Amino acid sequence: MGRRSARDTEKEIYPGGEAPSCGKGPKLARKGKFMIPIEQLTKEQAAGIRYILTDIDDTITTEGKLPACAYTAMWRLHDAGYKVIPVTGRSCGWCDLIAREWPAAAVVGENGAVVYYMENGHLKVFTHPSVAGDEVHKKLEDVKEACLKGVPGTRVAKDQFSRVYDLAIDFAEEPPYLGLDAAEKIKDICVSMGAQAKVSSIHVNAWFGDYNKLSMTKLFMETVWGETEIRDKILWFGDSPNDEPMFAYFPNSCGVANIKPFVDRIQHLPTFVAPYEGGEGFAAAIDHLLKLQPHVK
Ligand SMILES: [Mg+2]
């Protein structure tokens, strides 16, 4: 979630006023009637899981940083034979780095416009067939101007330089933190101009093309890896409204604890919830999974 929102909820989630270090600290009270503590994931439910798909910002990061426990959790999954696939609104430039350097089998970027993955030592890019052509840049420029004019304080995200298919408007990655109402206004402007738009914990992303995180993940896994029945093989992690298509589709989905401020804005909540916010929550959930099913090779 955005930096301000994280602090706003910290006192409520952590009565002591301090977020836990990896794997320690008070447990989150039940926040949503549809979310079950991840510790209740059973051995039987875990048995079919082969892929760990996860959002990045505020799901495996905490206060903007990737904590050691979350990165270690990804390596533990990798070494145990799981395929880890970050699925993010972050840019193609970030995807290049992640595919090359993280223990990730692939990375879905720009909210589903692309998938970057390594094959025989080469970086491969799978692009969604519905991404717009070069004319998209003029259209996104118009959307950008309307957002900056329509919602005071908004600015273009600093990673925009390495985006190819979408526009990211920052409302909570850096101060001033504008809040979710401003984010919804930005989204409405984007949609009114014919763009698709989603609110993440830090940005509003806008694009022209018929794709999202879920549809691109399914298309990539079927086309490139020949995986047609993925529904029960995936455990999905997320934290905000742009993760909702994944929460709705995958029976095994888990929110990290900072999903709480978004609960009223998400129609399809995840099945499970992690005990802690961000990367600490992700690491705790993976620890539980690996106790149930240490290897899948
Ligand atoms: Mg997020």
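Which residue in E5 does Val-108 stand opposite? In this predicted model, the residue facing Val-108 is Val-115 of E5. That pair is a handy way into the fold, and the rest of the sheet around it can be filled in from there.

The protein as a whole has nine helices and 13 strands. Of its 297 residues, 49% count as buried. If we take the contacts between residues at least 6 apart in sequence, 61% of them join residues at least 24 apart.

Back to the sheet with the valine pair. It is an open, three-stranded affair in the order E4-E5-E6, with antiparallel pairing. E4 and E6 sit at the edges with a single partner strand each, so one side of each lacks a neighbour in the sheet. Going from strand to neighbouring strand, the turn averages 25 degrees when direction is ignored. Strand E4 covers residues 107-109 and E5 covers residues 114-119, and three bridges hold the two together in antiparallel fashion. Besides the valines, Gly-109 stands opposite Val-114 in E5. Helix H4 (residues 92-101) packs on this sheet and touches E4, E5 and E6, its direction making about 25 degrees with that of E5. Helix H7 (residues 213-225) also packs there, again touching E4, E5 and E6, and its direction makes about 140 degrees with that of E4.

The turns of this sheet have their own quirks. E4 and E5 make a hairpin with four residues between them, and Glu-110 in the turn has a positive phi of about 50 degrees. On the other side of E5, six bridges link it to E6 (residues 122-127), once more antiparallel. Met-118 has Leu-123 of E6 as its bridge partner. The E5-E6 hairpin leaves two residues between the strands, and one residue there, Asn-120, has a positive phi near 50 degrees. For background, most residues other than glycine have a negative phi, and most peptide bonds are trans.

Two more positive phi values turn up in the loop between E2 and H3. Asp-58 lies in this loop, with strand E2 at 51-54 and helix H3 at 68-80. Its phi is near 70 degrees, although Asp-58 is not a glycine. Glu-63 is found in the loop between E2 and H3 too, and its phi is positive at about 50 degrees. The surroundings of the two can be set side by side. Asp-58 counts as buried because it has 28 C-beta neighbours inside 10 Å. Glu-63 is partly exposed because 15 other C-beta atoms lie within 10 Å.

A second open sheet has four strands in the order E7-E8-E10-E9, and here too the pairing is antiparallel. Its edges are strand E7 (155-156) and strand E9 (196-199), each pairing on one side only. Strand E8 (residues 166-170) and strand E10 (residues 203-207) run antiparallel and are joined by five bridges. One matched pair puts Ala-168 opposite Asn-205 in E10. Helix H5 (residues 136-150) packs on the sheet, where it touches E7, E8 and E10, and its direction makes about 15 degrees with that of E8. Helix H6 (residues 179-192) packs on the sheet as well, touching E8, E9 and E10, with a direction about 170 degrees from that of E9. The loop between E8 and H6 holds Pro-176. A cis peptide bond joins Pro-175 to Pro-176, with omega at about 0 degrees.

That leaves the nonpolar interior. The largest nonpolar core has 86 residues, and Val-107, Ala-274 and Phe-282 have the most contacts inside it. Helix H9 (residues 278-292) gives the most to this core, with six residues. The core draws at least three residues from each of domain 1 (3-9 + 33-129 + 211-292) and domain 2 (136-207). Phe-282 shows how such a residue is placed: neighbours within four places in sequence aside, its contacts are Thr-54, Thr-59, Ile-60, Ala-70, Ala-73, Phe-237, Val-256 and Ala-274. In general, nonpolar side chains of soluble globular proteins tend to be buried together.

How values were computed
Residues are numbered from 1 along each chain as its sequence is written. This is a predicted model: local features need pLDDT of at least 70, side-chain atom pairs count only at pLDDT 80 or more; totals for chains, interfaces and linings use all residues. Two strands pair if DSSP finds at least two bridges between them. Two residues are in contact if their C-beta atoms, placed from the backbone, lie within 7 Å. Axes are lines fitted to C-alpha atoms, for helices over the stretch in contact, and angles run from 0 to 180 degrees between N-to-C directions. A residue is buried if 20 or more other C-beta atoms lie within 10 Å of its own, exposed if 12 or fewer, and partly exposed in between; C-beta atoms are placed from the backbone. A nonpolar core is a set of buried Ala, Val, Leu, Ile, Met, Phe, Trp, Tyr and Cys residues joined through C-beta atoms within 7 Å. Domain bounds come from an automatic or database domain assignment.
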